[in-house]
Amino acid sequence: MEMNLDPSKDDLPLRANTNHMLVRHYVLDLAVHFERKVISGNVVLFFETGKGGHKLCNTEASEPLPQRHSPHSGVETPDRSQFPLKGVSAYSASSDTTDAGGSDGKDTLGENSCHGDSQLTSLSSTKQDCSEREDFVLVLDCCDLSVSKVEEVDVTSVRGVQELRSGCVEEDLAHGVTDCLRSHSVQKLVTLPAECWEEQHDLYMQCSQAPGCGDLSFETDSWSLQIRKEGIHSPCDFPHALRIYYETMPEGASVRWTKDQSGRACVYTVGSPINNRALFPCQEPPVAMSTWQAAIEAPPECVVLLSGEKEAQPARHKEVSSQWFYYVTMPMPASTFTIAVGHWIKAERKEASTADRETVPIPAEACSLTETPCHHVDYPCRFQRREAQVQAVIPHRVFAPACLREQAEDVLLPLLPSCLSAAHSVLGAHPFPRLDVLIVPTGFSSLGMASPHIMFLSQSVLSGKNNLCGARLCHEIAHAWFGLAIGAQDWTEEWISEGFATYLEDVFWARAQQLSQKEAQELCQLKALLRWRRLRDELQNSEEELQILRPNRERTGEVSDSGTSLVKHALNPGKVFMQVHYLKGYFLLQFLASKIGEDLFLQFFCHFVHEFHGQLILSQDFLHRLLENFPEIKRQGLTLEAIYQDWLDSAGIPKPLFEGSNAWLHNNLVQAVKEEVAKWTRFSQSHRKGSKRKRGEGKVIFKEIAPEQLVLLLELLLEEPDLSVGTLRSLVQSYGLQTQDAEVRHRWCELVIKHKHTEAYGHVGHFLKQDQGRCEAASQGEPQRAAHWISLQSFTGAHTSRAELL
């Protein structure tokens, strides 16, 4: 499988050779410098030799690789992403160094020294004549980082590591393993069992502070950092603990330096299409599931929030700064690492609430699930703990800039317990033990982004009634299960994360509001209609290639022999505006639920989570398991191939969606909106210039409608060719449009633009500056409407970020 890594293309290259060496843990020691807009320090990476690396070493692995459960059989099989593809030469002299263990490049830092065990080094060197072999190259994903030094870490100087390897070296040597002593020690460290995680993390920290034992040569290009050790020809013998000194660049796209709504300096990860490679050198492919520890130095007046299991408390550091320490024990892709440093203020609950400590009995069915063994790599898993099973509401905090603290306390904080409890009632144990929620600056280009232990929300969710805030909270909470605890093995399959979160958003929010079954069904149908309209407009005005949920089709999940791959269209500027993975994925799940019944479908979700948490999946893993559990839908003619053809591998609107869309029009909530639209069109006609009002014509009474209905009403009025100025003014007065949520105000601004309602241009300017997460959506759809948005953005000078977030 040849990898075209041309950075001028719209595909994102994942260049880390994860099949040769796989990172298992990061220790970051970083300092935030607001005056220079950089983050500096070092990161220590701990590796194990990958499956492909053992093959290159021409030896058997001393210990088996982590196993995962095959969805198609009852046996344990190695993770498919560890297997190299055929037909790719890892050591071709002319091959790109990012896809191979060798290189024809020259060392940049001269000779290196390594003071290891002489007996092991001798055995390694006598294994075969290496004089004609090229040096092995470790490749990490890296972009816009200034790397100053790379060195091997002398982990053998740590007493606890010495004890780990005692009595094991001779036995392992007898089995032909020729790893150097340090690599052998790291291998023992990274494979400690889950019950020893505290000892393991303590040793990681001690090792990260151990002295270096020789500089390594390195070079960088646009997308990667390439590291060599002279005379080392295989991954087995390459250093397995490295320290990299570096600093970020102000223009690096992984983080954003800005000011919050109170005018105070801050920096945070933005969910960039290039992920975290401009924050620290890492292995970006999802298969590189790792844990981390991070010590972050910041100005003493700042609060540091980060993906971590415990609430960090600042410690005095160097007299002029504070240091915050976080860690995780659940292996996650490096792309999920999230940080936010700023002058955040914690929101406080105005009234004591028992909901924060809510626990519930474990249902009988859930009890049987807790007794089922996990299939992921070994780590301290919450799904097996009784206290996690009964914890409906996990500990949570809300932070915001000072000027938004009161709104966060009034709107956001009270919603969290009910939303967390609703999610627990559907899917069971929360994958993460706590949650921080941060209201981020106005440049944030989406309504929300979920990461382990931390969630970002746009200030847009705080306006209007609580509908938008509650729904978005539920969407991001759903990502704890789909997107984080269960991730996509191939990042092109975004629907596995976004489609599931969009579907579960409605389920969670209905339960959080305690709606009756009829009320929940009608609201779901109304939202389905709104999403259908959105999807239809998007598919009519976008490239066909960007409309496909599985763009790699039958080659989805494939990587090269070394582990490199491409994320198709990840850098396409048109893709970052699109919601096709959210919407098409949502409609696929709704279609499947209609075949099975929602209750059974949600029960299946719960079982699927228990089987696949802590793992990476492809579409077929979910679909194959579904068809296995519900053979009756297979007998109705619904096959894996049919789902691929109709929903995942084709552009445009799936045929089954066309057939079912009319049902939403007969919904009571929709019918009520249509009646109001008819009133408004008559009202507009009667108030047009030159029109004569009939004698005795009374005042029109417009009904109060829900925010979701109001969105549909404004969308339908957008289809009217002409609305009088009086009508536009009356709309504002009747519904208080300027006090409604961002979704409603978004549609109102489109009406203002379409009808050139100049007296309301101030509303548009305010929206563009304060609700940029919705401005992204406004740029999609009908080209004429998009052109209006672009011209008004230029007029107001509003900045709209193009980052794609969860």
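These questions and answers walk through a predicted model.

Student: How many helices and strands are there in the chain?
Tutor: The chain has 806 residues, and 62% of them are buried. Among contacts with a separation of 6 or more, 78% join residues 24 or more positions apart. The chain holds 26 helices and 26 strands.

Student: Which residues have the most contacts inside the largest nonpolar core?
Tutor: In soluble globular proteins, nonpolar side chains tend to be buried together. Here the largest nonpolar core has 199 residues. The residues with the most contacts inside it are Ile227, Phe605 and Leu713.

Student: Which helix gives the most to this core?
Tutor: The core in question is the one with 199 residues. One helix, spanning residues 580-596, gives 11 residues to it. That helix is α14.

Student: How many residues does the second, separate core have?
Tutor: This core is separate from the largest one. It includes Val153, Leu164, Val186 and Val190. Its count is 17 residues.

Student: Leaving aside neighbours within four places in sequence, which residues is Leu713 in contact with?
Tutor: Leu713 is among the residues with the most contacts inside the largest core. With those sequence neighbours left aside, its contacts are Val673, Glu676, Val677, Trp680, Ile705, Leu731 and Tyr735.

Student: Are the rings of Trp532 and Trp664 stacked, edge-to-face or tilted?
Tutor: The count of aromatic pairs comes to 35. The ring centres of Trp532 and Trp664 are 6.5 Å apart. Planes under 30 degrees apart count as stacked and over 60 as edge-to-face. The planes here are at 55°, so the pair is tilted.

Student: How far apart in sequence are the parts that this pair ties together?
Tutor: Both Trp532 and Trp664 are buried. Trp532 lies in helix α13, while Trp664 lies in the loop between α19 and α20. The pair therefore ties together parts whose separation in sequence is 132 residues.

Student: Which ring does the charged end of Arg550 sit over?
Tutor: Arg531 lies over the face of Tyr586, at 4.5 Å from the ring centre. The charged end of Arg550 is 3.8 Å from the centre of its ring. That ring belongs to Tyr644.

Student: How far apart are the end C-alpha atoms of helix α10?
Tutor: Helix α10 runs over residues 416-427, and 10 of its 12 residues are buried. At 1.5 Å a residue, α10 should span 16 Å. The distance between its ends agrees with that, at 17 Å.

Student: Which residue follows α10?
Tutor: The buried residues of α10 include Val426 and Leu427. After the helix comes a residue with a positive phi, near 90°. It is Gly428.

Student: Why is Cys474 in no disulfide?
Tutor: Cys474 is buried, with a relative accessible area of 0%. A disulfide needs two cysteine sulfur atoms within 2.5 Å. The nearest cysteine sulfur to Cys474 is that of Cys419, and its distance is 3.6 Å.

Student: Is Cys196 buried, exposed or partly exposed?
Tutor: Buried means under 20% relative accessible area, and exposed means over 50%. Cys196 has 22%, so this residue is partly exposed.

Student: How far apart in space are Ile643 and Leu623, C-alpha to C-alpha?
Tutor: Ile643 is found in helix α18. Ile643 is buried, with a relative accessible area of 1%. Its contacts beyond four places in sequence include Leu588, Leu592 and Leu623. Ile643 and Leu623 are 20 residues apart in sequence, and their distance in space is 8.6 Å.

How values were computed. Residues are numbered from 1 along each chain as its sequence is written. This is a predicted model: local features need pLDDT of at least 70, side-chain atom pairs count only at pLDDT 80 or more; totals for chains, interfaces and linings use all residues. Side-chain values use heavy atoms; hydrogens and water are left out. A nonpolar core is a set of buried Ala, Val, Leu, Ile, Met, Phe, Trp, Tyr and Cys residues joined through side-chain atoms within 4.5 Å. Buried means under 20% relative accessible area, exposed over 50%, partly exposed in between (1.4 Å probe, protein chains only). Helices (H or I, at least four residues) and strands (E, at least two) are DSSP runs, numbered from the N terminus. Contact means heavy atoms within 4.5 Å. Rings of Phe, Tyr and Trp (its six-membered ring) pair if their centres lie within 6.5 Å; planes under 30 degrees apart count as stacked, over 60 as edge-to-face and the rest as tilted. A charge sits over a ring if NZ of Lys or CZ of Arg is within 6 Å of the ring centre and within 35 degrees of the ring normal. The expected span of a helix is 1.5 Å times one less than its number of residues.
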